[in-house]
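Okay, thanks for making time, everyone. Let me put the structure up, and then I'll walk you through the bits I'd like you to look at.

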Amino acid sequence: MKIFNFLAVVCMCTLLVAGTVYAKDLKGQIGVGFNSQLSQNGMDSLSAKYWANNDLGFQGIFGFTFSDDVDEIDMGGKILYKLIDENNMYIAGIGGLGISHVDPDNRDDDTGWWLSGGLGLEYFFSGLPNLGFSTEVSIVFSDYNDNSSFNTSADTAVSAGIHYYFGGSKLKDDAE
């Protein structure tokens with residue numbers, strides 16, 4: 001919940017101080033970072049986004065934890081389609097599929113899968129055009145540990161991520 005409050009304050013402050021009107025052109029760019037979604041345990045995952053064109057993007061997610069009590073590996077992918085392209089921000093419809101393998105030391109291991117759909121927002125500050133701050137709200141159907149469920153992603157309704165886009169700043173004036 002603390003991350004949600006922090007992101008809400010950052011977004012509100014950013015909207016108040018937004019400057020020049022630009023739209024972000026992500027075509028052909030690759031963003032590398034993290035995303036706190038996919039795992040039933042809320043594990044942060046490494047993430048890469050690729051935009052095939054300015055409206056359609058793909059995201060791969062990989063996370064792991066190895067500890068004395070449990071080992072877990074999560075992998076997944078998402079398709080992102082821009083619904084609204086605002087100044088330094090976009091809102092996208094998101095569909096995803098993920099798998100997770102958990103191997104606790106005190107009982108049998110299990111593999112589960114997730115199917116998700118929702119909305120995501122990514123914001124780019126005017127002074128940092130290659131750094132995107134994102135949040136997503138998703139509904140998830142999962143089958144894990146012999147239990148099927150319909151819930152919000154990562155046991156909370158909101159997840160967050162940060163991605164750095166390689167390929168330089170590609171901002172275009174909205175007047176074009």
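**The core and what surrounds it**

So let's start inside. The largest nonpolar core is made of 8 residues: Leu 26, Trp 51, Leu 80, Tyr 90, Ala 92, Ile 94, Phe 124 and Tyr 165. Which strand gives the most to this core? That's strand E6, residues 89–104, with 3 residues. And before we go any further, keep in mind that this is a predicted model; I'll come back to the confidence numbers at the end.

Take Ile 94 from that core list. If you skip the neighbours within four places in sequence, Ile 94 touches Lys 78, Ile 79 and Leu 80, then the run Ser 116, Gly 117, Gly 118, Leu 119 and Gly 120, and also Glu 136. Hold on to Lys 78 and Glu 136, please, they'll be back in a minute.

Now the strands around there. E6 is joined to strand E5, residues 70–86, by 16 bridges, and the two run antiparallel. If you want a landmark in that pairing, find Gly 76, which sits opposite Gly 98 in E6. On to the next pairing: E6 and strand E7, residues 110–124, are also antiparallel, with 14 bridges between them. A landmark here is Leu 97, whose bridge partner in E7 is Leu 115. One general reminder while you're rotating this: in a regular strand, side chains alternate between the two faces of the sheet.

Then there's the turn. The hairpin of E5 and E6 has 2 residues between the strands, and Asn 88 lies in that loop. What's odd about the phi of Asn 88? The angle is positive, about 60 degrees, although the residue is not a glycine. Asn 88 is also buried, at a relative accessible area of 5%.

Okay, charges. How many salt bridges do we get? The count comes to 3, and I'll go through each one.

First up on my list is Glu 122 with Lys 49, where the closest N and O atoms are 3.1 Å apart. This pair ties together distant parts of the chain, with Glu 122 in strand E7 and Lys 49 in strand E3, 73 residues apart. Buried or exposed, what would you say for Glu 122? Its relative accessible area is 0%, so Glu 122 is buried. Lys 49 has a value of 2%, so that one counts as buried too.

Next, the pair I asked you to remember. Glu 136 forms a salt bridge with Lys 78, and the closest N and O atoms are 2.5 Å apart. Here again the link is between distant parts of the chain: Glu 136 belongs to strand E8 and Lys 78 to strand E5, 58 residues apart. E8, by the way, covers residues 131–144. Glu 136 has a relative accessible area of 3%, so it is buried, and Lys 78, at 7%, is buried as well. Remember that Ile 94 from the core has both of these residues among its contacts.

The remaining one is Asp 85 with Lys 82, at 3.8 Å between the closest N and O atoms. Lys 82 is buried, with a relative accessible area of 5%, whereas Asp 85, at 35%, counts as partly exposed.

One more residue before the caveats: Phe 58, in strand E4, residues 56–66. At a relative accessible area of 36%, Phe 58 is partly exposed. Its C-alpha atom is 6.0 Å from that of Leu 80, and the two are 22 residues apart along the chain. Leaving out neighbours within four places, the contacts of Phe 58 include Ala 48, Lys 49, Tyr 50 and Ala 52, and on the other hand Lys 78, Ile 79 and Leu 80. You'll recognise Lys 49 and Lys 78 in there from the salt bridges.

Right, confidence. The average pLDDT for the protein is 77, and 72% of the residues score at least 70. Where is confidence lowest, and where is it highest? Lowest is helix H1, residues 2–17, with a mean of 44, and highest is strand E3, residues 45–51, at 93. Over residues 1–22 the pLDDT is below 50, and the model gives that stretch 21 contacts beyond near neighbours in sequence. Residues 171–176 also stay under 50, with 14 contacts beyond four places in sequence.

That's my tour, happy to take questions.

Note on methods: Residues are numbered from 1 along each chain as its sequence is written. This is a predicted model: local features need pLDDT of at least 70, side-chain atom pairs count only at pLDDT 80 or more; totals for chains, interfaces and linings use all residues. Side-chain values use heavy atoms; hydrogens and water are left out. Helices (H or I, at least four residues) and strands (E, at least two) are DSSP runs, numbered from the N terminus. A nonpolar core is a set of buried Ala, Val, Leu, Ile, Met, Phe, Trp, Tyr and Cys residues joined through side-chain atoms within 4.5 Å. Buried means under 20% relative accessible area, exposed over 50%, partly exposed in between (1.4 Å probe, protein chains only). Contact means heavy atoms within 4.5 Å. pLDDT is the predictor's confidence in each residue, from 0 to 100. Two strands pair if DSSP finds at least two bridges between them. A salt bridge is a side-chain nitrogen of Lys or Arg within 4 Å of a carboxyl oxygen of Asp or Glu.
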